[in-house]
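Subject: The structure to look at

Hello,

Here is the structure I promised to pass on to you. Have it open while you read, and I will take you through what turned up in it.

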Amino acid sequence: MSLTLQGIGVSKGICIGPAYVYYRELPEVLEYSISKFSADDEIKRFEDARIKAQQQLNNIKNTISGDTPHDITLFIDTHLLMLDDPVLYEDTVSHIRARLCNAEWALQVQVERIVKVFDDMDDPYLKTRKDDIIHVTERIQRCLMNEPDLNHAEDKLGDHLKGRIIVADDLTPADTLLMQHQKIAGFITEYGGPLSHTAILARNLGIPTIVGVHDAKHLIQANDLIVLDGNTGKVHINPAKKDIAHFKSLIRNERQRRKLLFDLKNKPTKTKDGLKIHLHGNIDRPDDVRTLRQFDHTGVGLYRTEMLFIEHNRLPSEDEQFETYRRTLRSLKGHPLTIRTIDLGADKELADTTQHGPLIHNPALGLRAIRRCLKDPSLFLPQIKAILRTAGYGPVNMMIPMISCISEMEQTLELIEQAKAELKSRRIRFDNNIKIGAMIEVPSAALVADSLANKLDFLSIGTNDLIQYTLAFDRIDDEVSYLYNPLHPAVLKLIQMTLNAGETQGIQVSMCGEMASDTQYTRLLLGMGLQCFSVQANSLLDIKHIINHSEITQLRPLTEKIMTLSDPQEIKLAVEELNLRFL
Ligand code: PEP
Ligand code: MG
């Protein structure tokens with residue numbers, strides 16, 4: 001029977017494929033008795049499951065790419081060793097024989113015993129090995145239960161998810177990063193808003209995604225045929241043949257449209273009346289430059305460096321960071337690279353740190369981004385030095401996230417001077433005149449943008465956070481995502497203030513939030529005076545097409561009128577009208 005569910009389309013595009021229902025937790029293990037005569041069969045079933053688990057791990061090990069972080073490969077080796085551990089194996093076999101119970105139960109009893117031993121240890125390192133035991137046991141349990149696939153990080157590196165549509169309660173940015181090693185067709189999650197970093201990552205990877213599909217995991221069964229329509233937010237489960245044919249034709253049309261857009265690759269970005277516009281791309285990882293260059297040979301206006309920390313799940317050293325940034329710069333072949341210093345916190349966290357400390361009720365308002373860096377210069381200084389060093393080899397800008405007051409910027413500038421002095425004393429090559437800018441993503445920063453502009457070389461408007469903080473809604477909570485409105489007059493006023501501050505102080509203002517990647521706002525932003533866009537690679541040519549078919553002289557007076565309106569609905573209609581004029 002076919003069924004359609006409605007969610008929020010956060011990454012456009014349509015895809016068709018079998019569902020993979022992603023469970024974090026294992027189904028409950030039940031105990032049942034076996035007869036004395038079937039004990040050997042039960043032990044054989046256990047042994048087969050153990051061998052299958054071993055094969056899965058070896059397959060993953062053989063298929064992962066060379067640039068997979070060392071921690072992950074090490075983690076697979078550790079699990080392989082544990083599968084051979086006699087304590088786990090022999091005691092489970094003895095338990096099956098002695099208690100005449102099923103293998104799942106015998107294994108469960110063993111693991112609980114081992115976990116208790118680990119819990120009683122004082123050594124914090126050994127304590128963490130407990131997680132490995134649990135993961136290995138879960139893998140055998142899933143093989144015993146004939147579950148088609150497993151759900152741990154290393155599984156996401158095989159290719160058994162290729163062409164599938166992942167259905168999950170929620171995905172962390174780390175999940176998404178690991179899964180991108182496979183050719184996943186699409187993502188459906190029960191929770192999460194359009195501005196969550198997982199949604200942004202999915203958009204950057206060009207993977208159609210729908211979030212906020214409540215109960216998806218109950219309503220969708222493994223291997224159901226799914227049509228995911230990221231444009232409308234609709235999930236069609238086992239649709240009729242004629243509907244599948246319809247969606248296939250939409251996919252073909254979109255492919256055709258995108259093919260035509262490719263004529264714009266490497267062509268100038270310029271309005272019809274001759275105003276040159278800077279159009280750059282956003283990246284999360286060095287490899288994303290390759291994707292960006294498929295669309296245009298251009299610079300990067302936002303490199304979210306925290307993904308490097310999240311992917312490795314640790315703090316990379318100054319040298320490691322320098323190597324990574326320099327590789328990224330090299331692959332841009334002379335185009336500028338704007339490196340944003342780490343924005344860790346809120347929904348971007350290292351896996352280990354999420355487990356400790358008091359419960360943070362409002363992480364988006366907490367010790368995030370520059371706040372965390374200023375609190376812990378030992379975290380920040382290696383990155384500043386790595387960026388300064390990279391700038392010694394080409395056009396690099398340093399961008400600071402989440403600035404909310406002038407004093408944060410002043411402290412940051414002092415730390416940058418300290419880093420320069422250290423590099424000087426180490427006689428290491430760096431750029432003393434690197435351009436430094438701040439992201440305007442907190443309303444207070446927009447309100448003092450003129451003072452910030454006075455101290456800096458550029459500003460960049462981060463609309464994802466700016467809109468979240470202005471309209472007081474949590475960007476990762478699908479229940480309040482309806483409040484996301486870039487056309488709210490309060491948001492437009494803050495954007496206009498920032499653009500005006502840049503103009504008065506003669507510095508560049510760019511926009512790197514998702515609003516810049518959305519074609520419905522391009523003309524409004526041009527009319528407001530934005531001349532530098534940094535967008536997702538996937539939308540780059542769409543945005544270029546609109547810019548190249550716009551006339552600033554016509555847009556300006558129309559935009560001025562829109563800026564006098566106070567009703568968001570009226571603004572929306574006026575912007576739609578503005579867009580229609582240029583069709
Ligand atoms: C933003 O807030 O608009 C932005 C670009 O930063 P991030 O999405 O990484 O928070
Ligand atoms: Mg932000």
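Does C532 count as buried or exposed? C532 counts as buried, because its relative accessibility is 4%, and the cut-off for buried is under 20%. Please keep in mind throughout that this is a predicted model.

Let's stay with the cysteines for a moment. How many disulfides does a search of the whole structure find? The search finds 0. C101, for example, is in no disulfide, and the nearest cysteine sulfur, in C143, is 19 Å away. C101 also counts as buried, because its relative accessibility is 1%. As for C532, the closest cysteine sulfur is that of C512, and the 9.4 Å between the two sulfurs is too far for a bond. A disulfide needs the two sulfur atoms to be within 2.5 Å.

Next, the cavities. The structure holds 3 of them with a volume of 30 Å³ or more. The largest has a volume of about 70 Å³. Its lining is made of 14 residues, and those nearest the centre are R304, R340, M439, E441 and N464. Two elements give two or more residues to this lining: strand 10 (300–304) and helix 18 (463–471). By type, the lining of the largest cavity splits into 7 charged, 4 polar and 3 nonpolar residues.

The second largest cavity has a volume of about 40 Å³. You can find it by selecting N204, N282, I283, D288, T291, L292, Q536 and A537, which line it. Strand 9 (278–283) and helix 10 (288–295) each supply at least two residues of that lining, and helix 10 gives the largest share, with 3 residues. Here the lining divides into 4 polar, 3 nonpolar and 1 charged.

Helix 22 is a nice one to rotate on your screen. It covers residues 552–562, and its buried residues are I552, L555, T559 and I562. Why do these four lie on the same side of helix 22? They cover an arc of only 75° around the axis, so they share one side of the helix. On the other side of helix 22 you will see T553, E560 and K561, which are exposed. What covers the buried residues of helix 22? The cover includes helix 20 (519–528) and helix 23 (568–581).

Finally, have a look at the backbone in two loops. Most residues other than glycine have a negative phi. N266 is not a glycine, and yet its phi is positive, at about 65°. You will find N266 in the loop between helix 9 (241–261) and strand 9. N266 counts as partly exposed, because its relative accessibility is 42%.

A472 is another residue other than glycine with a positive phi, near 55°. Where does A472 sit? Its place is in the loop between helix 18 and helix 19 (489–505). Because its relative accessibility is 66%, A472 counts as exposed. Helix 18 may ring a bell, as it is one of the elements that give two or more residues to the lining of the largest cavity.

Enjoy exploring, and do write back with any questions.

Best wishes

How values were computed
Residues numbered from 1 in each chain as written. Chains lettered and ligands numbered in written order. Predicted model: local features only at pLDDT ≥ 70, side-chain atom pairs only at ≥ 80, totals over all residues. Heavy atoms only, no water. 1 Å grid on protein atoms, 1.4 Å probe; cavity = no way out; pocket = protein on both sides within 12 Å on 5 of 7 lines; lining within 4 Å. Points joined across faces, edges and corners; volume = space filled by probe spheres on them. Nonpolar A, V, L, I, M, F, W, Y, C, P; charged D, E, K, R; others polar. Buried < 20%, exposed > 50% of the residue type's maximum accessible area, 1.4 Å probe, protein only. Arc of directions from axis to C-beta. Contact = heavy atoms within 4.5 Å.
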